[in-house]
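Me: I'm new to this structure and would like a close look at a single part of it. Could you pick one spot and walk me through what surrounds it?

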Amino acid sequence: MGAGGGQDDLNLVPFIDLFSVLICFLIMTAVWNQIEALSTNVDNVTSSDNAASAENPNKKKETLTVTVLKDRMEMAESVSIGARSLREKNYKIANLGPDVDLDKMQRVLTDWKKRYPEKKDVIVNTDNQVLYKKLIQVFDALVGAGYPDVGINTQ
């Protein structure tokens, strides 16, 4: 009540209710929401490849490539010296429904790691029709198998 007998008091109850709802909304969306992102370092991979090939063109180079398509996945390794290809080997991995056959992929990655223990980079080729979930499965499997430098090439 004001001095003149009218209602001069500000009713704060609607503002308190509004801020209570906003605080609950912020807690529910900000605290438990995690941002997922792919960490790719394309500049680093490209510059090291160019520098290595420029320093010694006769150096033996191994390339590990994973191609993810809508209905299947292919993994390939190639060994070359300069522009001359010495060996290529391909592995085909079928899909198990919407997911990748991770067991077979892990066997191939373990085999690669035994033959090329110093190798840390893999190139992943994909097209626009591949589901994001499948690409993340492949990316996680590669990083988990000891290949932290994953370069992604889209077509």
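Reply: Here is a walk around one aromatic pair and its surroundings.

Keep in mind that this is a predicted model. If you search the whole structure for aromatic pairs, you find one. It's made by Tyr-91 and Trp-112: their ring centres are 6.3 Å apart, and the planes meet at 65 degrees, so the pair is edge-to-face. An angle over 60 degrees is what earns that label.

Where do Tyr-91 and Trp-112 lie? Tyr-91 is in strand β3, which covers residues 84-96, while Trp-112 belongs to helix α3, residues 102-115, so the pair ties together parts that are 21 residues apart in sequence. And are they buried or exposed? Both Tyr-91 and Trp-112 are buried.

Now look at Glu-77, which touches Tyr-91 as well as Trp-112. Glu-77 sits in strand β2, residues 72-81. Its relative accessible area is just 3%, so Glu-77 counts as buried. With its side chain, Glu-77 makes a polar contact to the side chain of Tyr-91, at 3.1 Å. There's also a polar contact between the side chains of Glu-77 and Tyr-116, this one at 2.9 Å. Setting aside residues up to four places away in sequence, Glu-77 has other residues to touch too, including Thr-63, Leu-64, Arg-87 and Arg-115.

Trp-112 has another contact to follow, this time with Thr-65. You'll find Thr-65 in strand β1, residues 60-68. Its relative accessibility is 18%, and buried means under 20%, so Thr-65 counts as buried. Leaving out neighbours within four places in sequence, Thr-65 is also in contact with Glu-74, Met-75, Ala-76, Ile-123 and Asn-125.

Next, follow the helix that carries Trp-112. The axis of α3 comes within 10 Å of the axis of helix α4 (residues 132-144), and the two cross at roughly 35 degrees. The crossing of α3 past α4 is right-handed. On the α3 side, Leu-102, Met-105, Gln-106 and Leu-109 make the contact, and they meet Gln-137, Val-138, Ala-141 and Leu-142 of α4.

One last ring is worth a glance. Lys-113 lies over the face of Tyr-147, 4.6 Å from the ring centre.

To put the spot back together: Tyr-91 and Trp-112 form the edge-to-face pair, Glu-77 touches both of them, and Thr-65 is in contact with Trp-112.

Definitions and conventions
Residues numbered from 1 in each chain as written. Predicted model: local features only at pLDDT ≥ 70, side-chain atom pairs only at ≥ 80, totals over all residues. Heavy atoms only, no water. Phe/Tyr/Trp six-rings, centres within 6.5 Å; stacked < 30°, edge-to-face > 60°. Helix = DSSP H or I, 4+ residues; strand = E, 2+ residues; numbered from the N terminus. Buried < 20%, exposed > 50% of the residue type's maximum accessible area, 1.4 Å probe, protein only. Lys NZ or Arg CZ within 6 Å of the ring centre and 35° of its normal. Polar contact = N/O pair within 3.5 Å; in protein donor to acceptor, adjacent residues only side chain to side chain. Contact = heavy atoms within 4.5 Å. Axes fitted to C-alpha atoms, helices over the stretch in contact; angles between N-to-C directions. Left-handed = near helix turned anticlockwise from the far one by under 90°.
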